[in-house]
Amino acid sequence: MAHNDLEAFLSERRHFAPSDDFVAQANAQADIYDVAGRDPRSWWAQQARRLTWDVEPTQDLVWTPPFATWFEDGRLNASVNCVDRHVAAGHGDRVAFHWVGEPEGDTLSITYRDLLVRVSQAAHALSELGVRAGDRVAIYMPMIPEAVTAMLACARLGAAHSVIFGGFASDAIADRVQDAECTFVITADGGYRRGSASGLKVHVDAALERCPGVRGVLVVRRTGQEVSWTEGRDHWWHEVVDRQPHEHTPESFPAEQPLFLMYTSGTTARPKGILHTTAGYLTHAATTHFYVFDVKPETDVCWTSADIGWITGHSYIVYGPLANGVTQVIYEGTPDAGGKDRWWRIVEEYKVTILYTAPTAIRTFMKWGAEFPAAHDLSSLRLLGSVGEPINPEAWMWYREFIGGNRCPIVDTWWQTETGGIMVTPLPGVTTTKPGAAMRPFPGISVDVVDNDGASVGNGEGGYLTLTQPWPGMTRGIWGDPERFAETYWSRFPGVYFAGDGAKRDEDGDLWLLGRVDDVMNISGHRLSTTEVEHALVGHDGVAEAAVVGASDDTTGQAIVAFVTLTVAAAESGASHAEIIEDLRAHVATVISPIAKPRQIVITPDLPKTRSGKIMRRLLRDVAEHRALGDVTTLTDPSIVSVIDGLMGQHAADDE
Ligand code: WT7
């Protein structure tokens, strides 16, 4: 959000206090911040009792900066915590998931008892196929029940999963599989997206040509499309899993057993494998899910609209909600598959009570118009959440009015892949919210906003968001690269974790997130690095140099704008710029993913560089956002910026 908008909204001082009804039944009580703040470590240890342990921990935090462990001498099994114990407690008939496929009518409701059978069978199958505790298993799947089953089956065996978002292309899969040294892959023949079946196994096959360490591939038949088959390596899920026994005796694992890796983009071209371990992560996910969403497992129906290929899906579809034993909706497809009211039909049909989604989705619904939600009975909703990017006050107000019926509290939750769970958020029933503000650190979490020198800023001032104390869900590091972990997060402000986000403390001391301050872009809530996209572009033999920036976009938050210079060969090839641009966009989609396709590519004779040869991205961002240009006097050729500015308008016109 632009700074001016923020000032305007702050000055309006629009506040929403919790309703008396909500306060009366809320999980979080007004004293929660005081209680947790007095002794955060004990408070978290208290929260860890939500879990079922085989051996109760006697330790809480062991802190050897920047490495932390939590509850280290305890033992448990994550899948038992998510499934078995709910069945054992008599809730086997409770629905774990109402799964809604993209094709109309393709639905399935799975109880906790069903889920236990599925996870047990999958665990047996993986064991039979050679998966062992300590292994890494890549999961590349659409949003189908087997994806959740696969994750839990890995967890049950003590093998770490590495879920790769189904939108990634084969190079991205290969990089991730190699980096984690995965020995096994779980995938599907394909998935449904925007009304048609697309291939998934085909990308795995291509990726595995570069991954000799993978011994086996388990394939779910989702679409029935033709797939190529490598005998001895490939196995059908329905052939191997379905014949397994329904009961599986789980082992217990140490609290710090790796639970999963989640690759995420940093400021370099190489994605980082963010490691999460078992007990601290599960405690954080379950505790935040319980308080932030105020869940009542007997009656709530939660819907987190994320894909399980991202951290939101891990923490608030799989581990948090299942640890808390709630009922959820999982929807496979796009928001407009089967009509622009598809989501609202789902809310009405399944009586969804808690909806958690991203500002991009909200802004898309705004654009489509309020008539689509208005055509459905959304009165079951009682709480709304937002995540992934700053939510602009206009979108917040629209969400409140047209989805929440001016009745549901909104929780704007700030966190990251690295934090494992929610870090800054209002608490329903406690916090008086402000449209666009994430408000306060979650109980037991310590946050500061600091200036360039690391000194706390006062109320009414902006700076960098830092996390000053270790927390249970904190990443245990970057897979295979402890130094990079220390360097990336702990060196900018020594001794504290630097998230990469700008933030402001308003006059009341409440927090407003202002977006990334580094070279990380946020496109529709998807995190991508400028260098990663530049790397893909210069990997094309027509490109000499590339500079990429994230430019603000009304719907997607940010959009990718790329500036490239061509090689002599490409410039003289006779291809038109329009053809080259289309080719480059397709190239980026193939190398990274369609989500990384630039909104606009500008072919320019040169890039703005300082005398030391550094590309001035700041100026390109000004150009891309149609702002007055800043200081250009340090450039070797100051005139190039206005040349690019002119080209930018021309290409934008071409696009229309
Ligand atoms: C980055 C983390 C957290 C799960 C989804 C994204 C941005 C996230 C908010 C929010 C403002 C937000 C930050 C953060 N972000 N939530 N509520 N308000 N910004 O996880 O891919 O690891 O991205 O998303 O910039 O650093 P991720």
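In this short talk I will go through the ligand site, two sheets, an aromatic pair and two backbone details of the structure above. Please keep in mind throughout that this is a predicted model.

Let me begin with the ligand, which is surrounded by 17 residues, the closest of them being Thr413, Thr417, Asp501, Arg516 and Arg527. If we sort that shell by class, we find six nonpolar, six polar and five charged residues. As for individual contacts, a polar side-chain atom of aspartate 501 is placed 2.6 Å from an oxygen atom of the ligand, and a polar side-chain atom of glutamine 416 is placed 2.9 Å from an oxygen atom of the ligand. With glutamate 389 the contact comes from the backbone, where an N or O atom lies 3.3 Å from a nitrogen atom of the ligand. How much of the ligand's accessible area does the protein cover? Of the 550 Å² that the ligand has on its own, the protein covers 96%. The elements that contribute two or more residues to the shell are helix H12, residues 311-323, strand S20, residues 410-413, and strand S25, residues 511-516.

Those two strands lead us to the sheets, and I will take S20 before S25. Strand S20 belongs to an open sheet of seven strands, which runs in the order S5-S4-S17-S16-S18-S19-S20 and has mixed pairing. Which strands form the edges of this sheet? They are strand S5, residues 107-111, and S20, each of which pairs on one side only. From one strand to the next, the twist of this sheet averages 15 degrees. At the S5 end, strand S4, residues 95-100, runs antiparallel to S5 and is joined to it by five bridges, and within this part of the sheet histidine 98 stands opposite serine 109 in S5.

Strand S25, in turn, belongs to an open sheet of four strands, ordered S21-S22-S24-S25, in which the pairing is antiparallel. Strand S21, residues 447-450, and S25 are at the edges with a single partner strand each, so one side of each has no neighbour in the sheet. The twist here averages 45 degrees from one strand to the next. In the middle of the order, strand S22, residues 462-467, and strand S24, residues 497-505, run antiparallel and are joined by five bridges, and tyrosine 464 is found opposite glycine 502 in S24.

I turn now to aromatic pairs, of which a search of the whole structure finds 37. One of them is formed by phenylalanine 165 and tryptophan 310, and it is tilted, with 4.7 Å centre to centre and 35 degrees between the planes. This pair links distant parts of the chain, 145 residues apart, since phenylalanine 165 sits in the loop between strand S7 and helix H8, while tryptophan 310 sits in the loop between strand S16 and H12.

Finally, there are two backbone details to examine. Most residues other than glycine have a negative phi, and most peptide bonds are trans. Against that background, proline 65 and proline 66 are joined by a cis peptide bond, with omega about 0 degrees, and proline 66 is located in the loop between strand S1, residues 61-64, and strand S2, residues 67-70. Phenylalanine 71, although it is not a glycine, has a positive phi of about 60 degrees, and its place is in the loop between S2 and strand S3, residues 75-76.

Definitions and conventions:
Residues numbered from 1 in each chain as written. Predicted model: local features only at pLDDT ≥ 70, side-chain atom pairs only at ≥ 80, totals over all residues. Heavy atoms only, no water. Near = heavy atom within 4 Å. Polar contact = N/O pair within 3.5 Å; in protein donor to acceptor, adjacent residues only side chain to side chain. Areas by Shrake-Rupley, 256 points an atom, 1.4 Å probe, with all protein chains shown as cover. Nonpolar A, V, L, I, M, F, W, Y, C, P; charged D, E, K, R; others polar. Pairing = 2+ DSSP bridges. Axes fitted to C-alpha atoms, helices over the stretch in contact; angles between N-to-C directions. Phe/Tyr/Trp six-rings, centres within 6.5 Å; stacked < 30°, edge-to-face > 60°.
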